[in-house]
Amino acid sequence: MTGEDPLYQDASAATETRVEDLLDRMTVDEKVGQLVGGWAGHFTQFLDLDDAADLITEEGIGAASPFGWSGSIAHAVDDVVDAANTLQETAVEETRLGIPILTPVDAVHGHAYVSEATVFPNNLGVAATWDPSLAEAAADVTATEMRATGATQNYAPTIDIARDPRWGRTFETLGESPYLTKEFVRRQVEGYEGGDKTEDAVHATAKHFPAYGQPERGEDTSVVSLSEYEIRRMILPPAEEAIEAGVSSVMPSYNSINGEPVHGSEYYVEEMLRDQFDFEGHVVSDWGGIDHLWDWHKTAEDVTDAHKQTRDAGLDIASVGGPRHLEALHELVDAGEITEDRLDESVRRVLRAKFELGLFEDPYVDVEDATEVVGSEDHRDLARESARKSMTLLKNDDLLPLDRDADVFVTGPNADDLVRQRGGWTAYEGDIGGTTVREGIAAASEGTVTYEPGTETDEEIDIDAAVEAARDADVAVVALGEYWYIHEFVSETEDTGNGNFPTRLDLRLSDAQRELVQAIHETGTPTVGLIVSGRAHIVDWMADNVPAILMAYFPGTEGGHAVADVLYGDADPGGRLPISIPKDEGQLPTYFNYFAHPRPIGQETHPPSYDPLYEFGHGLSYTDFEYTDVSLVEETIAPGETATVEVTVENVGDRAGDEVVQLYMEDLVSSKVTPERELRGFERVSLDAGEATTVALDLTPDDLAIIEPDGEKHVERGTFELTVGDETLELDVEA
């Protein structure tokens, strides 16, 4: 550093010192620019690259993504790197203060809008592994591929809880359990952010705060009608965990709660998020979150009024605001309706993020490095392991694993299509790379593998041809499920949420797909139903008739190999359901951790509150496990102490396999109504035949606590019933 260099350019200075030095040098207009972003690039419908560069030089916008969610196309690494470097060079070299930009993307399960990038299973599949260390490793890989191409902020992880599979974003969630979700969210944040938040790390964004996953009717963005108590106990734990893990950014939800759109709610953003949860990072709007206040919620007169409400609520960055939002914010500042002190609060957070990411020292990326990193062999190996460990065997009447030399017939709309296999928030055109189910089976088989598609997602192609081919095979694998979609649903023939399958209105597979699997079954050829999908489907006919059902979720680029690994027994199907599969839509919503409630008056018996087709935590193995010596290390504890449950797990079968030990809790007497069953611990173990291990699961004060409507937690004296497998224990908490 020379004597003429400003202090904020001194990398040896403390971050807060650099922030304040730069802030003191900024004009009001430059501050306004830092709080508005744009979704930019020559391949988007919003701003082309030249327009984005002009906004940087003329308005000083603080964030612009030159890639990411762009509709469909997978973009070549060199194009992505060139775009990122162009925008950073514009910001650093052609503005007065040389402030680099943030470059956010939606890399929710891999950097999936870049050609040949590693695409992991979507979150529902990640949760099915019941292995948070895998989630951290996948997040680390995603961050590495992002930074290699110039992206610095990820709009992930998803912290939403999915308790209604009609919701179109179920596949993005980690399921219906707040406990399971929070354990994964913590590790994802740590994987994205890294230890020092520089070099290969990116800034993570916990979305969507506080309760996006609970829309009425399962209709995306509709009102949330939950009590404050229910939100605190059943929805918010993952958000709290993300903040404790050091997440750098939070994105509010689109919904309104208690009559307030969250984007414009001072209570949810300022009081709850910042004051109660001590969040110190920056709050970034969801895509249309600001506009919705006047477009849809009708709580604002126009975009300027909407901006006033969101800024008063504590929002920092208008993520894709562009020129309209810049104009609105300037208008409010000029009129004195937003003070410079309020601007400074937000600008500090934005500048801090850029210093933490090391962008003032090195904002550029190298195309050769990016080409080497993106989709590398070790990254794809991890994606294969993640997909393999997610595979959940719902049913198996001694059909699986398959003989290696069996003649296999493969059919179904999701058997040979990478787009369906990758699922939403990925490119569906261009050089996307990966291995389909058909290709994976063909590579693993030593017999003959034949293929007929049979149907599209919701239309018949040639079921008769599929039936004829099935007759000549030893076994048929029918790959069913959904097509690519985000938010609400898209089918190949009608892109509305209320038309052809998939749709929010019907959780059963399409008529064409059901006809296909029934016709294959009727040939007498043993049939495997393979579900490639992002949510729970009602598969009652298959449960009654088909000998094997394997849930593959949206398994990503290496999903074809992962499916084959499990079908042929090279890997045990150790996945367990992170979400309940209902018997009928009339059961909805159905989730395992429902609150205790009275039974109907005058009825001695009644339908159970929870009676799914396949329950949360269900999953079969190719071997058998036995639990013994289930015990509490401490049978009585004080309110602030931790209890430990120990259990010995033995593989009593004749092959290696994976088991997920699950600990459930019920508070038998409490001052607040609590769930009849809550997950409070889990561990996935891999055991060889005859091998045993002891698993210890801790119950912390937070696990045992009552949560008050204001968020306060305390442990009450009383008895807690604990269940591991078929064994039940009682833990006493004494004052």
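Okay, quick definition first: when I say helix or strand, I mean a DSSP run, H or I over at least four residues for a helix and E over at least two for a strand, numbered from the N terminus. With that, here's one place to look: Proline 210 is in the loop between β5 (203–209) and α8 (228–235). The peptide bond joining phenylalanine 209 to that proline is cis, with omega at about 0°.

Before I go on, keep in mind that this is a predicted model. Mean pLDDT for the protein comes out at 93, and 95% of the residues reach 70 or more. The stretch to watch is residues 42–46, where pLDDT stays under 50. The model does have 13 contacts there beyond four places in sequence. Still, where pLDDT is low, the predicted coordinates shouldn't be read in detail.

Back to backbone oddities. There's another cis peptide bond, between alanine 156 and proline 157, and there omega is about 15°. Proline 157 is in the loop between β4 and α7. Remember that loop, as it comes up again with the aromatics.

Then there are the positive phi values. Aspartate 398 isn't a glycine, yet its phi is about 60°. You'll find aspartate 398 in the loop between β10 (392–396) and β11 (408–411), and it counts as exposed, because its relative accessible area is 77%. Tyrosine 553 is another non-glycine with a positive phi, near 55°. So is tyrosine 553 buried or exposed? Buried, at 1% relative accessibility. Tyrosine 553 sits in the loop between β15 and α22.

Aspartate 278 also takes a positive phi, about 60°, just after helix α10. Let's stay with α10, residues 266–276, for a second: its buried residues are Tyr268, Val269, Met272, Leu273 and Arg274. They cover an arc of only 165° around the axis, so they end up on the same side of α10. In general, an α-helix has 3.6 residues a turn, so residues three or four places apart point the same way.

While we're on helices, a sanity check on α16, residues 377–390. At 1.5 Å a residue, its 14 residues should span 20 Å, and the end C-alpha atoms are 20 Å apart, which agrees. The buried residues of α16 include some polar or charged names you might pause at: His379, Arg380 and Lys389 are among them.

Now, the aromatics. How many aromatic pairs does a search of the whole structure find? It finds 16. One of them is tyrosine 8 with phenylalanine 360, edge-to-face, 6.1 Å centre to centre and 80° between the planes. Tyrosine 8 is in the segment before α1 (15–25) and phenylalanine 360 is in the loop between α14 (340–356) and α15 (367–373), so this pair ties together parts that are 352 residues apart in sequence. Tyrosine 8 is buried at 4% relative accessibility, and phenylalanine 360 is buried as well, with a relative accessible area of 11%.

Next, phenylalanine 171 and phenylalanine 554: also edge-to-face, 5.9 Å between centres, 85° between planes. This is where that earlier loop returns. Phenylalanine 171 is in the loop between β4 (153–154) and α7 (178–193), while phenylalanine 554 is in the loop between β15 (548–551) and α22 (559–567), 383 residues apart. Phenylalanine 171 is buried at 1%, and phenylalanine 554 is buried with a value of 1% too.

There's a ring cluster as well: Trp130, Tyr179, Phe592, Phe616, Tyr664 and Phe682, linked through ring pairs.

For the cation-over-ring people, I have a couple. The charged end of arginine 163 sits over the ring of tyrosine 591, 4.3 Å from its centre. Lysine 207 lies over the face of tryptophan 425, 5.7 Å from the ring centre.

Last stop, leucine 663, in strand β19 (residues 657–667). Leucine 663 is buried, with a relative accessible area of 0%. What does leucine 663 touch, leaving out residues up to four places away in sequence? The list includes Val645, Glu678, Leu679, Arg680, Gly681, Leu697, Leu699 and Leu722. And Phe682, from the ring cluster, has its C-alpha atom 6.0 Å from that of leucine 663, with their positions 19 residues apart along the chain.

That's my tour. Thanks, everyone.

Note on methods
Residues are numbered from 1 along each chain as its sequence is written. This is a predicted model: local features need pLDDT of at least 70, side-chain atom pairs count only at pLDDT 80 or more; totals for chains, interfaces and linings use all residues. Side-chain values use heavy atoms; hydrogens and water are left out. pLDDT is the predictor's confidence in each residue, from 0 to 100. Contact means heavy atoms within 4.5 Å. Buried means under 20% relative accessible area, exposed over 50%, partly exposed in between (1.4 Å probe, protein chains only). The arc is that of the directions from the helix axis to the C-beta atoms. Rings of Phe, Tyr and Trp (its six-membered ring) pair if their centres lie within 6.5 Å; planes under 30 degrees apart count as stacked, over 60 as edge-to-face and the rest as tilted. A charge sits over a ring if NZ of Lys or CZ of Arg is within 6 Å of the ring centre and within 35 degrees of the ring normal. The expected span of a helix is 1.5 Å times one less than its number of residues.
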